[in-house]
Amino acid sequence: MLYFSRWKTLFIWFVIAVGAIVAAPNILSNEQLAKLPNWFPAKKVTLGLDLQGGSHIMLKLERADIVKERLETVVGDVRNVLREANVRYTGLSGTGQQIQVRITDPAQVQAAKDALNPLLQPVSAGTFGGTVTEVSLSDEGNGQLQLTLTDAGIGYRVSSAVTQSIEVVRRRVDELGTTEPLIQRQGDDRIIVQVPGLQDPQRLKALLNQTAKLTFHMVDSSMPVQEALNGRPPASSEIMYSMDDPPVPYLVERRALVSGESLVDAQASFNQQTNEPVVTFRFDSRGAQRFAQATQQNVGRPFAIVLDNQVISAPVIREPIVGGSGQISGNFTVQSANDLAVLLRAGALPATLTVVEERTVGPGLGADSIRAGVVASIIGAVAVAGFMFAFYGFFGFLANVALAVNIVLILATLTLIGSTLTLPGIAGIVLTMGMAVDSNVLIYERIREEVKSGRSLLPAIDSGFKRAFATIIDANLTTLIAAVVLFYLGSGPVRGFAVTLAVGIVTTVFTAFTFTSWMFSLWVKRSKPKQLPKGIRTGIFDGRGLPFMSIRKYTFLAAAAFSIASVIGFATIGMNLGIDFRGGSIIELKARQGNADIADIRTRLDQLNLGDVQAQGFGSPQEVLVRVQAQGGGENAEQSALERIRNDLEQDYEFRRVEVVGPAVSSELTYTATLGVGVALLFILVYIWFRFEWQFAVGAIIATMHDVILTIGIFVLTGIEFNLTSIAAILTIVGYSLNDTVVVYDRMRENLRRYKKMPLTELIDISINQTLSRTVLTGLTTMIALSALYIFGGEVIRSFTFAMLFGVAVGTFSSIYIAAPVLIAFKLRTDVFTKEDEKPAKKGAALPNGKPNV
């Protein structure tokens, strides 16, 4: 292990040098980067919306709109084909996905079927081949025919509409002039829009919420509109309302003269006579011809300009409009005229898009989050480095060098793969710093044990690295499994945390093992040491011989009592679920002047009749956190409530962060969160079963379930909000707890091979004492890093770090007092390792059969 060829040395330093160069732009300003040579990389880590500000919006395409439009189309097609075939019919109507028509003459039923047959033909399902039957026909007898819109056909139309909507949304967002927006499909009927650095999220939502279907209709003057309101309007007309306040009704012909599909351009402008904002438009040649023909035939009559079934204006046609262009006026502001022009240029959406989830962070809060995250990271790194140096001296210095390289490689990897760094992602880096030294501690303690057993220093170092390697891999793989599950089942910031944690695990193995062993090789080569360097103070744990298993019954009973209490509390009191799991809104406000008046905010919001509204201090006296319960009435109700709150408070308060989750998304998040924890435990169970005996796997799962249940119990007891980041905390606790447990189990397995006749209780005590220094030191370094994050990382992730701190403490307890006694309860036999013991015995690696030193 201590011999490194020239090529291996060059490779190690090549990786470090490339990592340093790739990570360097992250600490340089854009002005400094501009002065560097062109060959120098300029790419930086992409900051998440919670760090740079911006909006994350999930849109849901309304399936009902697709069904309604498709139903109307097929009803029209049925009417046309039956008329063309001279088939007499009655009772043509459509409801839901069913269309009924009665053929008057029974002799014409077959002729009707033949005429309708083209509507039943399969259509191509896209570039990947295959066909879809959109309409099916059944004969109900007595001349009654029923056509059904198939689910597969509606699904095909929804999928096509989502694809079309993505392009329309992209054009609309691009018109805002934002940089690097992310627009992508999610699932069958969802679209995710992420726009970093957006200053006006309300404008974005307004642009995305509108279908922007522009049509031109003649106003029906055959009867007064009031008479149509009181009675029944003509079948060929319908009543539409204007955008005025109060709205003005118009009787409008259903048939559109021209639609917005014929538009080739739209621009905001000003009326030269009144200087009012207007929107000018221009048709293509076909649209211009139809518009000219329609206006020529209807001079002197009013026509309505309709946008999404609302009348913008209804001017009278004074003369034929033959130039293919015109203007729309309608009490616009400059902003609304610009927005309408954007919508018309981008084109109409095929169906309504409803905002089902919104997470918006203002740029001010983003800057504060970056500052808090950097401060917490620096303080955490300094504290961990100081701790390691205090306990290990020169070895601690080497661990700190490896830690610094580790952080550089994490940043470099995140930059190369284009991953987004979120605030929980920074928490992942801080957590990695605490856990990274665990590998160094494992190696160092192994070296100390080898020296204590009588080996000279060089063989002890070589053996220490070799023996620690398997434990390092086992311990880190369990955390990696949790991170991978978190990535695939998480979303947004939680996924950013998973990526950072997974990258940190990989870089940790490289820096703590490969790079550290190279530094040891260099030290041995140059200094030629004969004994361990001074400054290693972990000997305080030696020779304790603590009888941990002697009180196992009491600790088991205590753990069982707390676990049962946690389950009862969860079932009766319940957790303070965040909006991720029950829907609703969270709004972080900051007073524009002076301190926030929480009582006034409560009074003003109570008058809006939004149900349960909570307002509480958050951070400084200027800041307030408002929670609004989920609103009944569908997905749009949440956005309506948010709009009313904005109108009431925006003049006095800055909206620094807004999170809105609709009922559909919250139920999905609950499902994926539960699934995530279950899947992670299953994969880890399989891995430990594969690497150890089944008793070890069962013990690890019982210990882990104990940690999860007690963590849930602390959420119940304290009333801290349980949200998506809490799930990330629980899964990380699962990984950390198993990391701890696997280290103890690995030593037990090793001792089981060596001391086959030793009583299991005594052997477990010895194994725990041998790894006690590692257990304590790793727990302390992780808690030091997390404490820095808890104190200096800001309010947003405080509940996350609190859960982590508690989980680390509980995980350390369970690895000793839960995981180990389970082996005794399940009567683990020492003879299962007899065959495996022969190999190390031949290599001379086994220690004497007597009782080992601890």
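These legends go with a set of close-up views of one predicted model.

The model is predicted, so local features need pLDDT of at least 70 and side-chain atom pairs count only at pLDDT 80 or more, while totals for chains, interfaces and linings use all residues. Residues are numbered from 1 along each chain as its sequence is written, and side-chain values use heavy atoms, with hydrogens and water left out.

**View 1. The whole protein, with its 27 helices and 27 strands.** Helices (H or I, at least four residues) and strands (E, at least two) are DSSP runs, numbered from the N terminus. Along the principal axes, the C-alpha atoms fill a box of roughly 110 × 70 × 60 Å. Of the 854 residues, 51% are buried, where buried means under 20% relative accessible area, exposed means over 50%, and partly exposed is in between (1.4 Å probe, protein chains only). Take contacts (heavy atoms within 4.5 Å) between residues at least 6 apart in sequence: 74% of them join residues at least 24 apart.

**View 2. An open sheet of eight strands.** Reading across, the order is β9-β10-β2-β20-β26-β23-β25-β24, and the pairing is antiparallel. Two strands count as paired if DSSP finds at least two bridges between them. Strands of a sheet pair through backbone hydrogen bonds, either parallel or antiparallel. The edges belong to β9 (182-186) and β24 (613-618); each has a single partner strand, so one side of each is left without a neighbour in the sheet. From one strand to the next, the twist averages 20°. For one of the pairings, look at β2 (residues 54-61) and β10 (residues 190-196), which run antiparallel over seven bridges. Here L59 sits opposite I191 in β10.

**View 3. Helix α19 lying across part of the sheet.** The strands it lies across are β20, β23 (584-591), β25 (620-628) and β26 (653-661). Its direction makes an angle of about 170° with β26; axes are lines fitted to C-alpha atoms, for helices over the stretch in contact, and angles run from 0 to 180 degrees between N-to-C directions. Now pick out I587, which belongs to β23. I587 is buried, with a relative accessible area of 0%. Leaving aside residues up to four places away in sequence, I587 touches V624, L625, V626, L642, I645, F655, R657 and V658. For a sense of scale, the C-alpha atoms of I587 and L349 are 30 Å apart, with their positions 238 residues apart along the chain.

**View 4. Where helix α6 crosses helix α7.** The axes of α6 (residues 151-175) and α7 (residues 201-209) come within 10 Å and cross at roughly 145°. On the α6 side, V169, R172 and V173 meet L204, L207 and L208 of α7. Sorted by class, that contact has five nonpolar, no polar and one charged residues. Here Ala, Val, Leu, Ile, Met, Phe, Trp, Tyr, Cys and Pro count as nonpolar, Asp, Glu, Lys and Arg as charged, and the others, Gly among them, as polar.

**View 5. A salt bridge between E358 and K205.** The structure holds 30 salt bridges, each being a side-chain nitrogen of Lys or Arg within 4 Å of a carboxyl oxygen of Asp or Glu. In this one, the N to O distance is 2.9 Å. The pair links distant parts of the chain, with E358 in strand β20 (residues 353-361) and K205 in helix α7, 153 residues apart. Both E358 and K205 are buried.

**View 6. A salt bridge between R604 and D648.** N to O, the distance comes to 3.2 Å. This pair also links distant parts of the chain: R604 is in helix α18 (residues 598-606) and D648 is in helix α19 (residues 636-649), 44 residues apart. R604 is buried at 17% relative accessible area, whereas D648 counts as partly exposed at 27%.

**View 7. E659, R657 and their salt-bridge network.** The side chains of E659 and R657 meet at 2.9 Å, N to O. Salt bridges that share partners join E357, R359, E588, E623, R656, R657 and E659 into one network. E659 is buried, with a relative accessible area of 16%, and R657 is buried at 9%.

**View 8. S773 in helix α24 (residues 772-792).** At 3% relative accessibility, S773 counts as buried. Its C-alpha atom is separated by 9.2 Å from that of L442, although the two residues are 331 residues apart along the chain.
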